[in-house]
Amino acid sequence: SFDLSNEDAQPRGVAFDRNGDKMFIVGSGGDEVNEYNLSSRWDVTTATYVQRLSITGQDKEVEGIAFDNNGYRMFVNGFTNDKVYEYHLTSAYNIATASYVDAFSVGDQDTSPRDVRFDSSGYAMFIPGDTGNDINVYKLTTPFDVSTATFVAN
């Protein structure tokens with residue numbers, strides 16, 4: 001286990017880079033993404049805190065996090081505003097280089113979205129939620145571009 005209570009007392013979402021060298025944590029106790037280096041791949045007990053990215057401008061409570069296949073796009077699920085926020089990173093998996101791009105509202109399907117995940121192609125997005133106790137599926141016409149998402153089914 002790894003104690004991250006100094007960064008967020010209510011962790012909800014976790015993502016890793018492709019190699020398992022970096023870990024990213026979001027939680028409902030904060031409005032930020034926290035980045036950690038792992039000195040031993042995939043081993044959370046070796047994590048050291050690196051930096052944080054505030055998303056206060058977009059949402060006050062974050063529940064989920066995902067990256068595209070190469071680490072240049074990051075997505076966070078905002079619980080307060082029921083949206084998925086997209087960020088562009090100019091350096092792969094480096095949140096210090098993140099800039100806000102766009103948001104996609106999932107509020108018509110669920111007002112308590114809990115996470116965000118994509119299939120490996122980036123053409124499908126999955127949002128689990130509390131309101132309907134289901135997983136909502138969205139089709140993207142451009143891979144990993146939330147502005148092109150449309151609701152398909154739950």
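Which side chains meet in a salt bridge at 3.1 Å, N to O? In this predicted model, they are the side chains of Arg 114 and Glu 63. The pair links distant parts of the chain, since Arg 114 lies in the loop between β8 (98-105) and β9, while Glu 63 belongs to strand β5, and the two residues are 51 residues apart. Their surroundings can be stated separately: Glu 63 counts as buried because its relative accessibility is 2%, under the 20% cut-off, whereas Arg 114 is partly exposed, with a relative accessible area of 28%. This pair also belongs to a wider arrangement, for Arg 12, Glu 63, Arg 114 and Asp 130 are linked in a network of salt bridges.

The strand that holds Glu 63 leads on to its partner. Strand β5 (residues 62-67) and β6 pair in the antiparallel sense over five bridges, and within this pairing Phe 67 stands opposite Met 74 in β6. Five residues lie between the two strands of this hairpin, and Gly 71 takes a positive phi near 85 degrees there. On the other side of the turn, β6 is mostly covered, with five of its six residues buried.

β6 also pairs with strand β7 (residues 83-89), again in the antiparallel sense, over six bridges, and here Gly 78 stands opposite Lys 83 in β7. These two strands form a hairpin with four residues between them, in whose turn Asp 82 has a positive phi of about 55 degrees. As background to such pairings, strands of a sheet pair through backbone hydrogen bonds, either parallel or antiparallel.

One residue of β6 deserves a closer look. Asn 77, placed in strand β6 (residues 73-78), is buried, with a relative accessible area of 0%. A polar atom of the Asn 77 side chain lies 2.9 Å from the backbone oxygen of Pro 113. Leaving aside residues up to four places away in sequence, Asn 77 touches a set of residues that includes Glu 63, Lys 83, Pro 113, Arg 114 and Asp 115, so that both members of the opening salt bridge, Arg 114 and Glu 63, are among the contacts of this buried residue.

Asp 115, another contact of Asn 77, has a salt bridge of its own, in which its side chain meets that of Arg 117 at 3.6 Å, N to O. Asp 115 is buried, with a relative accessible area of 17%, while Arg 117 is partly exposed at 35%.

Arg 117 brings the reader to β9 (117-118), which is an edge strand. An open sheet of four strands has the order β9-β10-β11-β12, with antiparallel pairing, and its edge strands, β9 and β12 (149-153), each pair on one side only. Between β9 and strand β10 (residues 124-129) the antiparallel pairing runs over two bridges, and Phe 118 stands opposite Met 125 in β10.

The structure holds eight salt bridges, and one of them joins loops elsewhere in the chain: the side chains of Asp 21 and Arg 41 meet at 3.3 Å, N to O. Asp 21 sits in the loop between β1 (11-16) and β2 (22-27), and Arg 41 in the loop between β3 (32-38) and β4 (47-54), so this pair, 20 residues apart, also links distant parts of the chain. Asp 21 counts as partly exposed at 26% relative accessibility, whereas Arg 41 is exposed, with a relative accessible area of 53%.

Technical notes:
Residues numbered from 1 in each chain as written. Predicted model: local features only at pLDDT ≥ 70, side-chain atom pairs only at ≥ 80, totals over all residues. Heavy atoms only, no water. Pairing = 2+ DSSP bridges. Buried < 20%, exposed > 50% of the residue type's maximum accessible area, 1.4 Å probe, protein only. Polar contact = N/O pair within 3.5 Å; in protein donor to acceptor, adjacent residues only side chain to side chain. Contact = heavy atoms within 4.5 Å. Salt bridge = Lys/Arg side-chain N within 4 Å of Asp/Glu carboxyl O.
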